[in-house]
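Reader: I have a model open and would like to learn how to read it residue by residue. Where should I begin?

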Amino acid sequence: MADSNGTAMAAKSRARGIRATGRRRKGRTRRRRALTITLCALVSAVLLGGAGLGYVYFKLNGNLKGVDINAALGHDRPQNVDNGSMDILVMGSDSRAGKNGAYGRDEGGARSDTAMVVHVYKGHKKASVVSIPRDTMIKRPDCTTGNGHTVPGAQRAMFNTAYEVGGPACAVKTVESISGIRMDHFLEVDFTGFKKLIDALGGVDLTTTRPINDKNSHLHLPAGKHTLNGEQSLGLVRTRHGVPGGDGSDLGRIQLQQTFVKALMNQVRNVGVLTNPAKLYDIADTATKAVTTDTDLNSVGELTGLAKSLGAIGSDHIDMVTLPVTYDPADPERVVPLTRKSAQVWDALRQDKAIPKAATKGSAGDQGGTGRYVK
């Protein structure tokens, strides 16, 4: 892990002509990453803003898939603090099995493209969301796979490999090991239903303050108000170079996606599905097919209860940050946590307190410059 020395070395790398983007070079990998990041944001928005979707979920039990995280991890976890708060790990994976093959070739095991820790404060009136960049270098703990095999940990591994080698339980264990926070729930998103869900919602309203033109994501938006359909929404969250002022990295793109998810939350809350049963069913059917949950949420009753308990949280009461990181001195294509600042983030959530602004100031994830170009 590094602090100021990491930033200096990354600057030297850039001076030598190395692009310190914290991302992989392959275009197909970047596409996967953007898609699943957006789906994580989408499901968070449905949970944080979708209490009205609950009443038809009883018809949709067959869509839900569950993973028994508690049985897999046993007692090797942080203390379960019952203070009224809640922590949910929301993840996306890039498996190419089945319908996901439309987004690329299946190369074997799925990888997690992103992770967001959603901390709901006591009283369930506000929340903080911490995005963990997938290329963050961390100490990965020993994990047990679903078939009982032990996967040894690693002192220096990319965060997204936890899911790849050990599935959801290993991803949860890794997040708990770096944060010291026990996850109450797990939610994994499948991105094949993303465009349908956006379209079922009637699109997402947002305003671009400057034109966005990105031939790679096939997105061309003039400055002004827009209602983005599913395809356009994918293009928006994929863009790295099309937003003026962005640094061209995935860290900058996370900022753009965080703005998008707040717009999406507002859309979910204002969509008026209670007066349109057909639309409500379509949204609920699409959403439940897109997710895998822990077994404690693997029923319409539990999922509905969660949605209702979070339904009072508006987008203006969500604090979205990126885990404080700097470019890795050993590899400018990766990032490493800023030790002291990351500890401030996790300590605040453990104590059910707001994340201090100083914790993210100066982080590479706070310097993308893309968030102000959409609203």
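Reading burial, contacts and a helix face

Author: Begin with burial: Leu-197 counts as buried, at 3% relative accessibility. Keep in mind that this is a predicted model. Leu-197 belongs to helix α5, residues 194-200.

Reader: How far apart are Leu-197 and Ile-283, in sequence and in space?

Author: They are 86 residues apart in sequence, and their C-alpha atoms are 6.1 Å apart in space.

Reader: Now a charged side chain. Is Lys-341 buried or exposed?

Author: The cut-off for buried is under 20% relative accessible area. Lys-341 has 14% relative accessibility, so it counts as buried. It sits in helix α10, which runs over residues 339-350.

Reader: What does the side chain of Lys-341 reach?

Author: It reaches the backbone oxygen of Ala-358, at 2.8 Å. Leaving out residues up to four places away in sequence, Lys-341 touches Pro-324, Ala-358, Ala-359 and Lys-361.

Reader: Which residues of α10 are buried?

Author: Lys-341 is one of them; the others are Ser-342, Val-345, Trp-346, Ala-348 and Leu-349. These residues lie on the same side of α10, because the arc they cover around the axis is only 155 degrees.

Reader: How does the span of α10 compare with the one expected at 1.5 Å a residue?

Author: For its twelve residues, 16 Å is expected, and the distance from the first C-alpha to the last is close to that, at 16 Å.

Reader: What phi does Asp-352 take, just after α10?

Author: A positive one, of about 60 degrees.

Reader: Let us turn to a loop. Where is Asp-142?

Author: Asp-142 is in the loop that joins β5 (137-140) to β6 (143-144). Here the class is the middle one, between the cut-offs of 20% and 50%. Asp-142 has a relative accessible area of 46%, so it is partly exposed.

Reader: Which residues does Asp-142 contact, leaving aside neighbours within four places in sequence?

Author: Val-151, Pro-152, Gly-153 and Lys-173. Take Pro-152: it is ten residues from Asp-142 in sequence, yet the two C-alpha atoms are 4.6 Å apart.

Reader: And what lies 2.5 Å from a polar atom of the Asp-142 side chain?

Author: The backbone nitrogen of Gly-153. Set this beside Lys-341, whose side chain reaches a backbone oxygen, that of Ala-358. In reading such pairs, note which backbone atom is involved: nitrogen for Asp-142, oxygen for Lys-341.

Conventions: Residues are numbered from 1 along each chain as its sequence is written. This is a predicted model: local features need pLDDT of at least 70, side-chain atom pairs count only at pLDDT 80 or more; totals for chains, interfaces and linings use all residues. Side-chain values use heavy atoms; hydrogens and water are left out. Helices (H or I, at least four residues) and strands (E, at least two) are DSSP runs, numbered from the N terminus. Buried means under 20% relative accessible area, exposed over 50%, partly exposed in between (1.4 Å probe, protein chains only). Contact means heavy atoms within 4.5 Å. A polar contact is a pair of N or O atoms within 3.5 Å; within protein, one must be able to donate a hydrogen and the other to accept it, and residues adjacent in sequence count only if both atoms are side-chain atoms. The expected span of a helix is 1.5 Å times one less than its number of residues. The arc is that of the directions from the helix axis to the C-beta atoms.
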